[in-house]
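The following paragraphs lead the reader through a single protein chain, beginning with one residue and then widening the view. Please keep the sequence and the model at hand while reading.

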Amino acid sequence: IFHRILEQVYLAPEVRDQADVSQLLQALGAIARKVLDEAPVREGFRATAWWEQTRAEIEEKMRRSLIALHSPELSGDYVPVAHEVAFERANELVVHDGDDSFRLRGCIDRIDRTPDGRLRIIDYKSGGKSSFTNQALSDGKKIQLALYAVAVRDALHLGEPVDGFYWHVQQAERSSLTLSKYRGEAGESAPDVAVQRAWEAVRGVRAGAFVPLSPEDGCPPYCPALAFCWHYVPGFGG
């Protein structure tokens, strides 16, 4: 729902300048109402008596997010230029290591550009930002954004992104992890580390490395194996 509202607001006909937050906020109300009207059927959930309150909260969170995204200290001279950019069958990312390779397909939420051509990637998230840290990338847990940077460069051929971050819509805050400030233990860039961790995952899958392990901070209460898994450790409020 958040992704759909954001995409449609930026691409609304009445928004002539995607860097003008006043135009975006003017378009928000009608677009949010349309998306939220369609949401129960489209997303497959039952609208309870609390849905009206939830709708109002979503629209308010979207308003706060748009204002924060376009604050001078965050937006700088970046302007949104592309939304929901797919790299799929015709332009999928192929990552080589000698004669070996793996393929990746995905969809980038947003690409910004400055007048001099510098690129920035933004990936929208509905959850909190506490786990989106530099260490999470180093550990191979949050590599999506950095792999998107590789896709922008090598699959979409748009150039080398100089920055990027996860945007946590409900908190209207960016992640502490940013592509421009990240450095690996040996000084590697975020894309280089992400590719290394992706190869480790691919080769682990090929080798059948599926030993069940409890997450360091415990298991989520929604795990379908909760009732019978002998590795279950309460966590995440479970």
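Setting aside residues up to four places away in sequence, I108 touches H83, E84, V85, F87, I121, Y148, V152 and L156. The model in which these contacts appear is a predicted one. I108 itself belongs to strand β4, which spans residues 106-113. Is I108 buried or exposed? With a relative accessibility of 0%, I108 counts as buried, because the cut-off for burial is under 20% relative accessible area. A further neighbour to consider is D123: I108 and D123 are separated by 15 residues in sequence, and their C-alpha atoms lie 6.8 Å apart in space.

From this residue the view may be widened to the chain as a whole. The protein chain contains seven helices and seven strands. Read from the N terminus, these elements follow the order α-α-α-α-β-β-β-β-β-α-α-β-β-α. The radius of gyration of the chain is 20 Å, close to the 18 Å given by the globule rule for 238 residues, so the chain is as compact as a globular protein of that length. Along the principal axes, the C-alpha atoms fill a box of roughly 55 × 50 × 35 Å.

The interior and the surface can be described in similar terms. Of the 238 residues in the protein chain, 41% are buried. Contacts between residues at least 6 apart in sequence join residues at least 24 apart in 60% of cases. The accessible surface of the chain comes to about 13,200 Å², and carbon and sulfur atoms account for 52% of that area.

Charge is the next topic. The protein chain carries 28 positive and 34 negative charges, and the mean positions of these two sets are 2 Å apart. Side chains of opposite charge can pair when their charged atoms come close. How many salt bridges does the chain contain? The count comes to 19 salt bridges, where a side-chain nitrogen of Lys or Arg must lie within 4 Å of a carboxyl oxygen of Asp or Glu.

One of these pairs is formed by R110 and D112, whose side chains meet in a salt bridge with an N to O distance of 2.8 Å. R110 is buried, at 1% relative accessibility, and D112 is likewise buried, with a relative accessible area of 0%.

A second pair joins K129 and E173, with 3.3 Å from N to O. K129 lies in the loop between β5 (119-125) and α5 (134-138), whereas E173 is in strand β7 (residues 173-178), so this salt bridge ties together parts that are 44 residues apart in sequence. K129 is partly exposed, with a relative accessible area of 34%, and E173 also counts as partly exposed, at 35%.

A third pair consists of R153 and E160, which form a salt bridge whose closest N and O atoms are 3.4 Å apart. Here R153 has a relative accessible area of 29% and is partly exposed. E160, with a relative accessible area of 45%, is partly exposed as well.

Salt bridges may also be joined into a group. Which residues are linked in such a network? D97, D100, R203 and R206 are linked in a network of salt bridges.

Terms used. Residues numbered from 1 in each chain as written. Predicted model: local features only at pLDDT ≥ 70, side-chain atom pairs only at ≥ 80, totals over all residues. Heavy atoms only, no water. Buried < 20%, exposed > 50% of the residue type's maximum accessible area, 1.4 Å probe, protein only. Helix = DSSP H or I, 4+ residues; strand = E, 2+ residues; numbered from the N terminus. Rg over C-alpha atoms; globule rule 2.2 N^0.38 Å. Contact = heavy atoms within 4.5 Å. Areas by Shrake-Rupley, 256 points an atom, 1.4 Å probe, with all protein chains shown as cover. Lys, Arg positive; Asp, Glu negative; His and termini not counted. Charge placed at Lys NZ, Arg CZ, Asp CG, Glu CD.
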